[in-house]
Amino acid sequence: MSFHALTAAELGRALRRREVSSLELTDHFLARIEGSGTRLNAFVTVTAERARADARRADAEIAAGRGGPLTGVPIAHKDIFCTAGILTTCSSRMLANFTSPYDATVVEKLTAAGTVLLGKTNMDEFAMGSSNETSYFGPVRNPWDEARVPGGSSGGSAAAVAAGLAPAATGTDTGGSIRQPAALTGLTGIKPTYGRVSRYGMIAFASSLDQAGVLARSAEDAALLLSAMSGFDPRDSTSVEQPVPDYHAGLEAPLAGLRVGVIREFFGEGLEAGTAAAVTGALDQFKRLGAEVVEVSLPALPLSVPTYYVVAPAECSSNLSRFDGIRFGYRCESPRDLYDLYTRSRGEGFGDEVKRRIMTGTYVLSAGYYDAYYLKAQKVRSLIAADFQRAFESVDLLFGPTAPTPAFGIGEKVDDPVTMYLNDIYTIGANLAGLPALSAPCGLVDGLPVGFQLIGPQFSESRLLSATHAYQRETDWHRRLPPAWA
Amino acid sequence: MSNEWEVVIGLEIHAQLATRSKIFSGSSTAFGAAPNVQANLVDLGYPGVLPVLNAEAVRMAARFGLAIGATVAHRSVFARKNYFYPDLPKGYQISQYELPIVQDGRVDIVLDDGSTKVIGVTRAHLEEDAGKSLHEELPGQSGIDLNRAGTPLLEIVSEPDLRSAREAIAYMKKIHTLVRYLEICDGNMQEGSFRCDANVSIRRLGRREFGTRCEIKNLNSFRFVEKAINHEVARQIDVLEGGGSIVQETRLYDPGKDETRSMRSKEEANDYRYFPDPDLLPLVLDAGWIESLRATLPELPDAKAERLVTEHGLPAYDAGVLSASRELADYYEAVIGLVGGQPKLVANWVMGDLSALLNRDGLDIQMSRVSTQRLAGLIARIVDGTLSGKLAKEVLETMWDEGSDADAVIEAKGLRQITDTAAIETVIRKVMEDNPGQLADYRSGKDKLFGFFVGQVMKATGGKANPGQVNELLKHLLAG
């Protein structure tokens with residue numbers, strides 16, 4: 001049986017009906033990961049032993065009539081989440097030797113939900129990238145075309161789920177790092193409201209933008225995992241003390257009458273024609289399902305990319321200061337003195353993109369430049385948030401493409417950071433405004449998946465998921481597997 | 001233009017807040033543990049960990065703000081101060097920068113001439129302490145102890161209102177008294193719980209603009225502050241009068257050599273790249289909460305001193321000395337309560353003989369070997385005439401050394417004062433008989449010999465005769 005063609009929800013139901021054991025499922029996915037899956041370079045660490053132990057425990061739970069919808073379902077964690085006793089590398093040479101002494105809250109919660117940990121997925125180094133090419137462990141390949149990137153930074157999670165190496169995986173999204181790879185690999189990916197999911201144990205890139213989320217095969221799967229991950233955490237001062245709705249129970253909410261605002265600024269120059277056509281097709285489907293579609297304008301939104309590339313590097317330049325070769329992580333050989341220890345450990349431990357952003361961030365925070373860059377970016381950020389707020393006075397959800405093009409070729413954009421950065425042009429706004437946003441597949445362009453994006457007001461995850469669920473009941477883009485991995 | 005120099009000083013005092021746990025983590029703040037046993041993953045700056053603000057530290061900072069008549073900010077912001085150092089685990093210190101929790105306060109200090117001067121407190125902000133680098137213990141290597149990393153500090157920044165080392169000390173002592181009254185800092189300077197940096201500059205008297213300042217780092221005793229400032233002032237005068245100019249820099253005071261030396265110049269100074277810490281939301285304090293905190297403030301030193309003058313009738317000096325320490329004032333007031341009055345007498349004993357014994361043995365008033373009950377017992381024996389002042393001093397010393405009460409000492413030593421008029425008269429007559437020459441001289445007008453007779457009577461009674469009665473009876477009997 002092709003377990004990998006099923007969704008996590010379907011696997012959970014099969015487990016509870018005892019049609020399959022968690023150990024069988026786990027072995028099936030481990031065999032795919034360790035077999036042809038190695039081609040994709042989607043995993044940094046495969047935790048086979050841990051997975052089988054988790055699976056046996058889950059099987060015992062199920063046999064005892066206990067457990068929930070995710071008990072026994074294998075998943076993978078992006079290698080940015082700390083996992084006790086397991087390498088946690090952030091795909092950086094800096095942490096290539098780092099075994100975390102503790103579990104991130106997200107890991108803790110998903111473990112408590114009974115999931116089985118298959119391994120840790122490859123990513124752009126410290127989540128800085130849109131193609132998964134900045135990883136110290138090499139690029140991840142897109143299962144739809146292995147010469148192409150899977151997107152990034154959660155590229156390993158995306159490739160693993162798309163290729164059926166794992167039913168679902170966690171990701172993080174600072175500027176589109178869940179949604180853009182989801183779009184480029186044909187998955188449903190959700191980045192919840194800032195503060196919905198604890199950041200404790202998630203290695204920080206840009207603290208005011210980072211949010212954990214899910215890459216899955218369907219809105220239903222995303223709902224199941226998000227319910228398990230969310231909630232207030234006293235260890236994260238920015239997590240929000242607000243009850244978590246049962247996202248799965250809310251999936252059947254009717255779509256009729258939903259006011260959907262099409263973001264005018266997202267359909268201009270730069271949007272590839274095939275992608276535009278597929279996304280417009282999805283919009284038509286929403287109309288057929290009873291949505292009221294209107295066009296809206298968010299005039300400050302085109303300033304997202306420059307704003308983001310001030311705020312995110314500023315925060316990252318400070319967040320990454322702790323990687324100094326003193327207490328953990330990479331340390332250079334035979335340092336002559338303290339200065340040499342710092343400069344060589346960091347110089348050798350970080351890759352080029354990380355260094356580029358640390359330098360940018362250090363620059364924009366420097367005396368004499370702070371007002372012109374950092375402060376101004378914060379002001380523009382407020383304008384962008386205000387644009388969204390105004391839009392949500394008249395619509396329930398905003399709609400647009402997730403990425404301007406389908407997956408591009410490995411190596412195609414690595415020498416041109418600005419073009420690379422423009423890949424996140426549609427996703428960054430939601431991060432700057434702290435809003436929940438989702439990408440779901442809506443077509444193939446020359447055999448490559450493309451996705452649409454929904455953005456909602458704060459804490460409207462249920463609405464994003466139910467709207468997508470309604471769409472997915474009428475379409476089958478989300479059920480397509482890459483031909484080579486079916 | 002005047003050739004006189006005016007000294008301008010501003011102090012940055014670091015008071016370690018007396019919370020049980022650290023400002024952003026649950027680790028203990030206790031002093032003296034083995035290296036790194038009080039450092040958890042947050043203190044070590046591990047990947048993925050996040051700070052969570054300690055509410056008790058906020059409460060303490062707000063109480064300080066209220067005590068100095070400052071604005072306790074409705075909204076304050078934690079910022080990151082970025083620099084690399086091995087004992088700074090995250091590569092940044094969490095502090096407050098543009099919006100501190102305490103803004104614009106003031107304290108009164110008493111100058112040497114007894115007058116009062118108002119010193120402005122620009123701000124007080126919350127921040128975390130760094131760890132310690134250990135260079136001596138490990139030859140050829142440096143050790144890092146992160147027990148202190150994350151300890152809550154209140155940095156109290158004065159206006160440049162201080163005009164001499166004496167004023168600086170008076171101000172620092174006043175803040176020291178305040179934080180101890182408020183029970184927000186143990187004030188222990190040896191352990192570094194209370195320390196300061198001094199910004200020192202000089203200018204020609206009458207000039208409005210400030211001279212270039214130097215910052216002297218990490219002064220951890222009142223004496224060092226005074227010596228360091230005086231040394232720095234002398235150095236700056238030498239430089240300027242020798243035709244040189246002052247370079248803005250950070251200097252370190254070396255108490256061994258009694259000199260300051262340059263640590264780093266302005267050009268070498270770090271660009272700290274302060275920005276709001278995105279891991280911590282702005283600290284928002286409810287006005288009602290701030291007001292409710294005001295109700296928990298103890299009687300503060302100035303109010304206490306005022307009350308000791310107006311209600312107890314003490315001289316301002318005595319009131320100032322007693323109120324400078326909450327514990328000393330508490331001791332004094334407890335004795336007053338037990339004796340039922342006699343404020344000046346009690347103040348004299350507390351500030352005089354008792355304080356001398358405390359100083360001799362290097363003890364704080366809380367550790368006094370004579371309890372308030374026992375001192376009250378001694379004073380009762382003075383008031384009822386059992387003991388003369390002189391005898392009482394002797395009794396107090398014995399009480400101190402033997403840990404006994406006044407009555408037991410009086411009994412054991414037979415020190416009870418002689419107040420029986422007939423007995424004193426008998427002694428006086430005997431003295432007059434034994435000294436006929438002096439008696440004749442006195443009666444012929446040598447009044448100065450009165451003291452001789454007093455001395456002889458006291459000698460004959462072993463100092464136990466009541467001096468008042470001796471004087472009175474002697475006058476009468478010598479007159480014949």
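In chain B of this predicted model, 3 strands form an open sheet in the order 5-4-15, and their pairing is antiparallel. Strand 5 (92–96) and strand 15 (275–276) of chain B stand at the edges, each with a single partner strand, so one side of each is left without a neighbour in the sheet. Strand 4 (residues 78–82) of chain B is joined to strand 15 of chain B by 2 bridges, and these two strands run antiparallel. Within that pairing, B:R80 has B:F275, in strand 15 of chain B, as its bridge partner.

Strands of a sheet pair through backbone hydrogen bonds, and they may do so in the parallel or the antiparallel sense. Chain A offers an example of each around strand 9 (residues 397–401), a strand that is mostly covered, since 5 of its 5 residues are buried. The table sets out the two pairings of this strand.

| Partner of strand 9 of chain A | Sense | Bridges |
|---|---|---|
| Strand 7 (residues 259–263) of chain A | parallel | 3 bridges |
| Strand 11 (residues 448–455) of chain A | antiparallel | 4 bridges |

On the side of strand 7, A:V260 has A:L397 of strand 9 as its bridge partner, while A:F399 is bridged to A:L454, which belongs to strand 11 of chain A.

The largest nonpolar core holds 223 residues, and the members that touch the most other members are A:L118, B:A61, B:F64 and B:A198. Helix 2 (residues 165–181) of chain B gives the most to this core, with 9 residues. Apart from this core lies another, of 34 residues, including B:V321, B:L391, B:L396 and B:I410. Leaving aside neighbours within four places in sequence, A:L118 is in contact with several residues of chain A, among them A:F29, A:L30, A:I33, A:P74 and A:A166.

Is the lysine B:K304 buried or exposed? B:K304 is buried, because 21 other C-beta atoms lie within 10 Å, and a residue counts as buried from 20 such atoms upwards. This residue is placed in helix 5 (residues 301–310) of chain B. When its neighbours within four places in sequence are left aside, B:K304 is in contact with B:E299, B:S323 and B:A329. Although B:K304 and B:S323 are 19 residues apart along the chain, their C-alpha atoms are separated by 6.2 Å.

Finally, the two chains meet in a contact that takes 24 residues from chain B and 32 residues from chain A. By class, the side of chain B that touches chain A has 15 nonpolar, 4 polar and 5 charged residues.

Definitions and conventions
Residues are numbered from 1 along each chain as its sequence is written. Chains are lettered from A and ligands numbered from 1 in the order in which they are written. This is a predicted model: local features need pLDDT of at least 70, side-chain atom pairs count only at pLDDT 80 or more; totals for chains, interfaces and linings use all residues. A nonpolar core is a set of buried Ala, Val, Leu, Ile, Met, Phe, Trp, Tyr and Cys residues joined through C-beta atoms within 7 Å. A residue is buried if 20 or more other C-beta atoms lie within 10 Å of its own, exposed if 12 or fewer, and partly exposed in between; C-beta atoms are placed from the backbone. Two residues are in contact if their C-beta atoms, placed from the backbone, lie within 7 Å. Ala, Val, Leu, Ile, Met, Phe, Trp, Tyr, Cys and Pro count as nonpolar, Asp, Glu, Lys and Arg as charged, and the others, Gly among them, as polar. Two strands pair if DSSP finds at least two bridges between them.
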